[in-house]
Amino acid sequence: MDEIDRAILRELQTDGRIAYADLGPRVGLSASAARQRLQRLLDSKTVQVVGVTDPMSMGGQAMALLGIRVDGDPRPVADELARRAEVVYSVLTSGGFDLFAEVVAPGPRELLDFVNDVVRPIEGVEQIQPFPYFGIHTHRFLWDLG
């Protein structure tokens with residue numbers, strides 16, 4: 001991946017639906033050259049185009065990252081959480097927590113109920129540290145591409 005590829009990806013992070021006629025000049029290429037470059041990145045599986053929802057715009061008003069410590073193998077806990085609609089993602093980690101789960105709920109009360117009534121009773125869950133989000137209006141994942 002060279003600097004032009006990274007420039008294309010930076011533009012796509014800002015506007016994933018940008019027209020090639022606009023993309024090309026922004027990265028120093030013609031529209032057709034930009035299209036070919038992006039197609040090469042897609043064909044090589046270096047880049048994947050996906051839709052990402054904003055949980056807050058879909059009715060959720062409370063979000064938190066849960067740091068979870070587990071007694072034993074954390075994979076069954078992560079699997080159980082991944083089946084829940086409230087869980088945006090769960091991921092195994094190393095360090096102070098065995099896994100993290102990002103959750104979204106209609107409001108603070110429902111978030112608290114989810115933690116206490118759903119997460120705590122899961123076999124193996126030893127400790128939960130919630131990290132609530134406040135004032136989140138958009139959920140964007142931007143990578144520093146150099």
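## Helix α4 and its packing

The buried residues of helix α4 pack against four strands and one helix: β1 (62-70), β2 (87-92), β3, α5 (108-119) and β4 (125-133). The model described here is predicted. Helix α4 itself spans residues 75-82, and its buried residues are V77, A78 and L81. These residues lie on the same side of α4, because they cover an arc of only 100° around the axis.

## The chain as a whole

The protein chain contains five helices and four strands. Along the sequence, these elements follow the pattern α-α-α-β-α-β-β-α-β.

Of the 146 residues of the protein chain, 33% count as buried. The accessible surface of the chain comes to about 9200 Å², and carbon and sulfur atoms account for 51% of that surface. Among the contacts with a separation of 6 or more, 64% are made by residues 24 or more positions apart in the sequence.

## The four-stranded sheet

In what order do the strands of the open sheet stand? The order is β2-β3-β1-β4, and the pairing is antiparallel. Strands β2 and β4 are the edge strands, since each of them pairs on one side only. On average, neighbouring strands of this sheet are turned by 20° against each other, with direction ignored.

Helix α4 packs on the sheet and touches β1, β2, β3 and β4. The direction of α4 makes about 165° with that of β2. Helix α5 also lies across β1, β2, β3 and β4, and α5 runs at about 20° to β1.

## Strand β1 and its partners

Strand β1 is mostly covered, with eight of its nine residues buried. On one pairing, β1 is joined to β4 by eight bridges, and the two strands run antiparallel. Within this pairing, A64 has P132 of β4 as its bridge partner, and I68 stands opposite I128 in β4.

Strand β1 also pairs with β3 in the antiparallel sense, over seven bridges. Here L65 stands opposite E102 in β3.

## The hairpin of β2 and β3

Strands β2 and β3 pair in the antiparallel sense over five bridges. One of the paired positions is L92, whose bridge partner in β3 is L99.

The two strands form a hairpin with six residues between them. In this hairpin, G95 takes a positive phi near 115°.

## Residue E102

Residue E102 belongs to strand β3, which covers residues 99-105. Is E102 buried or exposed? E102 is buried, because its relative accessible area is 2%, and a residue counts as buried when that value is under 20%.

The side chain of E102 is joined to the side chain of Y133 by a polar contact of 3.0 Å. Residue E102 thus appears in two parts of this description: E102 faces L65 in the pairing of strands, and the side chain of E102 makes a polar contact with that of Y133.

How values were computed
Residues numbered from 1 in each chain as written. Predicted model: local features only at pLDDT ≥ 70, side-chain atom pairs only at ≥ 80, totals over all residues. Heavy atoms only, no water. Buried < 20%, exposed > 50% of the residue type's maximum accessible area, 1.4 Å probe, protein only. Contact = heavy atoms within 4.5 Å. Areas by Shrake-Rupley, 256 points an atom, 1.4 Å probe, with all protein chains shown as cover. Polar contact = N/O pair within 3.5 Å; in protein donor to acceptor, adjacent residues only side chain to side chain. Arc of directions from axis to C-beta. Pairing = 2+ DSSP bridges. Axes fitted to C-alpha atoms, helices over the stretch in contact; angles between N-to-C directions.
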